[in-house]
Amino acid sequence: MRARYVIILLCAAAMPISVAAQEAPSRLRHEVGIWIGASNPVPGTRLDEVLDANIGAGGFYRVNWPWVFFTESGVMWSQYFSRTTQKVTVVPVYLALDYRLPIDFKLQTFVKLGGGGAWLEVRPANRSGWEPLLYAGLEFSIPASRRLRVGLRLDYNLVYEKHLDPPDEVRYQYLLPGNTDFRTQTEVYEIENGHFFHFGLMVSFVL
């Protein structure tokens with residue numbers, strides 16, 4: 001009889017442990033999403049005087065780990081033109097920690113901070129390569145169902161380029177208003193940090 005009671009007690013003690021072990025992996029919520037929207041140089045910066053706004057897009061993956069944070073990784077793509085022949089392609093790749101503000105409301109707000117690298121291709125300077133990236137973001141989203149989330153994203157990218165050595169000079173071709181002939185102008189090339197922000201519509205799926 002004693003052996004039977006010991007076995008029963010051991011089984012009763014083991015059940016909560018096994019249930020907890022089964023529930024632990026299920027608490028991780030894996031989420032993948034995409035966004036599309038406007039991409040702009042930050043107003044008031046040097047690049048804002050040269051580059052025009054354009055359409056940008058990106059994708060991201062997020063998981064609710066560690067602790068009260070979410071880990072998010074993502075990639076973005078944008079291309080900026082100007083009245084001159086200058087064109088810049090920027091592809092940021094980032095890793096960030098997200099924090100969801102503890103507000104008891106259906107609209108959920110995420111604050112994000114992280115870093116990574118950005119691939120830049122600058123024409124006509126014929127310069128390309130990876131540069132350090134500082135990333136920050138805000139997200140306002142609504143769980144439309146158990147598997148679907150929709151919302152708005154505001155992402156900020158600081159591309160650090162001040163460490164680079166500029167070329168001596170660069171020749172630009174530009175078009176005067178009401179004219180059909182390009183003119184050539186030689187300017188001293190200056191290295192400026194890139195400040196960009198993206199504002200887009202997002203949709204994500206919980207796996």
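**Exercise 1. Work out how strands β4 and β5 are joined and which residue stands opposite V93.**

Solution. Begin with the two segments: strand β4 covers residues 87–100 and strand β5 covers residues 108–123, and 14 bridges join them in the antiparallel sense. Strands here are DSSP runs of E with at least two residues, while helices are runs of H or I with at least four, and both are numbered from the N terminus. Two strands are said to pair if DSSP finds at least two bridges between them. Next, locate V93, whose opposite residue in β5 is G117.

The model is predicted, so local features need pLDDT of at least 70 and side-chain atom pairs count only at pLDDT 80 or more, whereas totals for chains, interfaces and linings use all residues. Residues are numbered from 1 along each chain as its sequence is written, and side-chain values use heavy atoms, with hydrogens and water left out.

**Exercise 2. Follow the pairing from β2 through β3 to β4, and then place these strands in the barrel.**

Solution. First, strand β2 (residues 54–63) pairs with strand β3 (residues 69–81) in the antiparallel sense over eight bridges, and within this pair Y61 has S73 in β3 as its bridge partner. The hairpin of β2 and β3 has five residues between the strands, and W67 takes a positive phi near 55° there. Second, β3 is joined to β4 by eleven bridges, again antiparallel, with K87 in β4 as the bridge partner of F81. Finally, these strands belong to a closed barrel of eight strands with antiparallel pairing, in the order β1-β2-β3-β4-β5-β6-β7-β10.

**Exercise 3. Decide whether N40 and E161 are buried or exposed, and describe the surroundings of each.**

Solution. Apply the cut-offs for relative accessible area with a 1.4 Å probe and protein chains only: buried is under 20%, exposed is over 50%, and partly exposed lies in between. N40, in strand β1 (residues 30–41), counts as buried because its relative accessibility is 18%. Leaving aside neighbours within four places in sequence, N40 is in contact (heavy atoms within 4.5 Å) with A53, Y80, H195, F196 and F197. E161 lies in the loop between β7 and β8 (170–175), and it counts as buried because its relative accessibility is 5%. The C-alpha atoms of E161 and E131 are separated by 6.6 Å, although these residues are 30 residues apart along the chain.
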